[in-house]
Amino acid sequence: MTEGKIIKISGPLVIAEGMREANMFDVVRVGRDRLIGEIIEMHGDRASIQVYEETAGLGRGDIVVSTDAPLSVELGPGLIRNIYDGIQRPLEKMRQVAGANITKGIDLPALDHDEKWDFVATAKMGDEVAAGDIIGYVDETDVIRHKIMVPPGISGKIAYLLSGKYNVTEKIGIIDSPDGTRHELTLMQKWPVRRARPYKEKLPPNVPMITGQRIIDLLFPIAMGGTACVPGPFGSGKTVVQHQLAKWSNVDLVVYIGCGERGNEMTDVLREFPEIIDPRTGKSLMERTVLIANTSDMPVAAREASIYTGITIAEYFRDMGLSVAVIADSTSRWAEALREMSGRLEEMPGDEGYPAYLTSRLAQFYERAGSVVCLGSDGREGALTAIGAVSPPGGDISEPVSQATLRIVKVFWGLDSSLAYRRHFPAINWLNSYSLYKDRLDPWYTENVNKSWTALSVEVSRLLQSESELDEIVKLVGVDALSPEDRLTLEVARSIREDFLQQNAFDETDSYASLDKQFALVELLFYFRDRAAEAIKRGCSIDKLADLPVREAIGRAKAIAEAEYKTVFADIRTRIDKELAAL
Amino acid sequence: MIREYRTIEEVAGPLMLVRKVDGVKYDELGEIELPSGETRRCRVLEVNGSNVLVQLFESSAGLNLAHSKVRFSGHGVELPVSEDMLGRVFSGMGTPIDGGPKIIPKASLDINGTPINPAARNYPNEFIQTGVSTIDGLNTLVRGQKLPIFSGSGLPHANLAAQIARQASVRSDSTDSKFAVVFAAIGITFEEADFFISDFKRTGAIDRTVLFINLASDPAIERISTPRMALTAAEYLAFECDMHVLVIMTDITNYAEALREVSAARKEVPGRRGYPGYLYTDLATMYERAGRKMGSEGSITMIPILTMPEDDKTHPIPDLTGYITEGQIILSREMFRKGYNPPVDVLPSLSRLKDKGIGEGKTREDHAGTMNQLFSSYARGREAKELMVVLGEAALTPVDRLYAKFSDEFEKRYINQGFNENRSIEETLDLGWELLRILPRSEMKRISPKILDKYWPRDEVQS
């Protein structure tokens, strides 16, 4: 164990000498309070350490002790429903131990080391197992069966394995490796956060992650195992979009990382998620959620670590063959933490003071997403979808973090403040957003929803595109100069925007729309368009068409409950026919 | 044992280098004794071997390298606190300047505070009635929220802040005796500070107010501590004395400039517009001290005021503030020129916590629907008016003409209520309905049919 002495302190950066024996990225304990830190640079026997806690009160000569292990997370039963800080300290436990404020030097294990779990062994003594093989399970929540796997790097014959009640540190079994070493197994594994967990093979993503958000599913879908970013200025609804994805996505587990954001937002998730019932399982959403909260007032170095902590936990669940979504809000704050440390290290700055390695670090993070064949002999598949919010200064995405992110991710949901001012939510701009998964996912939609899904989606995009072109003309010469057909296009486009794209996250029924309902809703809007176009051919005036009473019913169609929409939509169609015939 | 050092090596701007010190801690408070016997305060910014870099809180005038002495106190910058602070006036560094006696402290608290554990926060959801329609009706403030006012030079943000401080009340409990205001003046002029003080005196609010005053003429460096002093006092009153504290801080722009001064003196790599890269984190450690905590009855609601240089919302100070706070109230020069007061720019203003603080049992069942409807109708009305400017009224459709009329009336009656009218939430909501009736009922897409039938019966004749 290496022991050194502090010679310099500058904010979260501490330099200690006498550290020649320590390894890069080892975790160290700093000072009398045993603050947690990590070695990020070595010069001779001097180590630069980023400290994950407030450094006030440290002085020259204070002792630094290396733990000889990299920053790691504890992976095992007890993760779900929990809320952790950026270095996986359990915040709820901390509250019980230390009160409402986070004080220095609190040292608590991430998993509850006393809680006993019912372990059911599925492998037997004498079985030959390889890394990643499932040897048993623990029913951690009503929704998630937590599979216990052989840790990466271990294989051999099971010498001993028994079902029973264990805590996460007790020995549940032994594996004898061919080389003669014995490996004791526990319910818990440890894994260094800065290293991606291994898998067998990456697969191209071709199944959509269904979010129940109409603009996303129809126009800019994301694949299971894909990557997406949500940039937007403040007040444009980034966090609501992220919360909606965390609530409604059809994944097995969500890791939500609040990285340098508001404390109250995390509290909101903590209080609200247990109350929301997941439509797919009928259980509380919290049963499938892990929260990482390193709010903006918490130490900046831990913010840097938080996204690695989050994605490592997500990878662990992916390895069980689950589909997992990591939602990070916001990666800009993470990049700023990187910038702050880089500045203190006196590195040569790149663009806007960000370190030159910003792009590669971001790429490393998003590259940990993907659809994979997991380790283990059963060939199970898991997926990790990564979605990051970006908070560009002034909403201008020409800044380095947005640009670096856009080069990596495949889906761009650009939020627009002018839409937000009009209270058009989600404020995703339909003209500049994109999804590069669209072609790849089309076969799935065709097969599973409706064969005209793709055609409909293209039609909607085209209509919105012509609207923006017509709008230019209207601004110059007024709406009267347009032909009745063009005016109908404007009316229908408005209807698409208001009655389809707008979705109220705070409305109980509108918050989530199934793919079938989304499809039926667009079809309904197009039904009106087609009938109205016929009426115009007959000579009906466009003003009359726009004022039909049935349009109010169309406007309310999106808020019809899933159970009733089929009959209600059919009614609306008959009303359209009747009212148009009466004109 | 407290050691004295006579080893000051350099003084440059707000920074000072002291050599050959031992046992000095990071972030420790120090005291400099000048040859004249006068003392000034400073804080350790960096420990590097036996050198320490300290930041002065006061001016460096009169400092002498050969004869000045430095002592370090062994603790960080602290503020003595007690309930007796109410009704008192302090300097930006926390010393009483109203001629009254010294505070007999119940505790001495580090002004940097400690982060609140997100698992220990209580979600803010108690409606505060400010009596201002544009806030109550559209951008509802709740207890424990941080809602800044983005203003520009020459706009009446002080009047709005004073109006809120004067009128703010909570409907659920009538015993509002445990309400307090903490006011931090950060580098503002005497006149502006005096406006607040006289307003507090006039309304009698001064007895439940703690004032921290750093005027434009006071040293800029002191400004770095002023808001933290105020927040420390607020935390004590809120979480130890169970009071509901409203913190008003003006002007954050001056604070950020003081921070930039120190950063520039340290030759740090600057971020946007020369502000340090850690401006976000630094502002967050202040703003995030607002809120409610488990195990405490009290709350801190924060209204920071900042002037946007050139009215530019994308300037780093408003921009980063907007990313941390839970919404923003933006003042508009256009409204002010029209003579509409308070000149709130409704469309870009936002309260993120409004949805949790409104509705049945909190305000009224129709609040959410009418709020969304007013917003989108006003936005559409504004668009129609813009079009009207270019093409003339005749180019508008009949519905758009109604929208244009609606937006005019909305500005004239809803926004323009003056600084002295105190509207109850019912009055605000009823006014909203009255204005919405300018539009056809079929346009009320944001309001659920049930609510619409109750507040706007179908059989009623439409214009």
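Me: Angles between helices count as roughly parallel under 35 degrees, roughly antiparallel over 145, roughly perpendicular from 65 to 115, and oblique for the rest. Why are H10(A) and H11(A) called oblique to each other?

Reply: This is a predicted model, in which local features need pLDDT of at least 70 and side-chain atom pairs count only at pLDDT 80 or more, while totals for chains, interfaces and linings use all residues. Residues are numbered from 1 along each chain as its sequence is written, chains are lettered from A and ligands numbered from 1 in the order in which they are written, and side-chain values use heavy atoms, leaving out hydrogens and water. Helix H10 (residues 438-448) and helix H11 (residues 453-477), both of chain A, pack at about 130 degrees with their axes 8 Å apart. That angle belongs to the rest, so the pair is oblique. Helices (H or I, at least four residues) and strands (E, at least two) are DSSP runs, numbered from the N terminus. Axes are lines fitted to C-alpha atoms, for helices over the stretch in contact, and angles run from 0 to 180 degrees between N-to-C directions.

Me: Which residues of H10(A) and H11(A) meet?

Reply: Lys438(A), Asp442(A), Tyr445(A) and Thr446(A) of H10(A) meet Trp453(A), Thr454(A), Ser457(A) and Ser461(A) of H11(A), where contact means heavy atoms within 4.5 Å. By class they are two nonpolar, four polar and two charged. Here Ala, Val, Leu, Ile, Met, Phe, Trp, Tyr, Cys and Pro are nonpolar, Asp, Glu, Lys and Arg charged, and the others, Gly among them, polar.

Me: What makes H13(A) roughly parallel to H16(A)?

Reply: Helix H13 (residues 515-538) and helix H16 (residues 565-582) of chain A pack at about 5 degrees, with their axes 10 Å apart. The angle is under 35 degrees, so H13(A) is roughly parallel to H16(A). Their contact has twelve nonpolar, no polar and seven charged residues.

Me: How do you know that Cys259(A) is not in a disulfide?

Reply: A disulfide is a pair of cysteine sulfur atoms within 2.5 Å. The closest cysteine sulfur to that of Cys259(A) is in Cys229(A), 15 Å away, which is too far for a bond. Over all chains the count is zero disulfides.

Me: Why are Cys259(A) and Cys374(A) called buried?

Reply: Buried means under 20% relative accessible area, exposed over 50%, and partly exposed in between (1.4 Å probe, protein chains only). Cys259(A) is at 0%, so it is buried, and Cys374(A) at 0% is therefore buried as well.

Me: What makes Val18(B) and Ile206(B) buried?

Reply: Val18(B), in strand S3 (residues 15-18) of chain B, has a relative accessible area of 0% and is therefore buried. Ile206(B), in the loop between helix H3 (190-202) and strand S17 (209-215) of chain B, is at 16%, which is under 20%, so it also counts as buried. Leaving out residues up to four places away in sequence, Val18(B) touches residues including Tyr5(B), Asn51(B) and Val70(B). Ile206(B), on that basis, touches Gly87(B), Ile197(B), Phe200(B), Lys201(B) and Leu211(B).

Me: Which residues have the most contacts inside the largest nonpolar core?

Reply: Ile387(A), Trp413(A) and Ile496(A), in a core of 90 residues. H13(A) gives the largest share, 13 residues. A nonpolar core is a set of buried Ala, Val, Leu, Ile, Met, Phe, Trp, Tyr and Cys residues joined through side-chain atoms within 4.5 Å. A second, separate core has 74 residues, among them Val150(A), Leu161(A), Cys229(A) and Val290(A).
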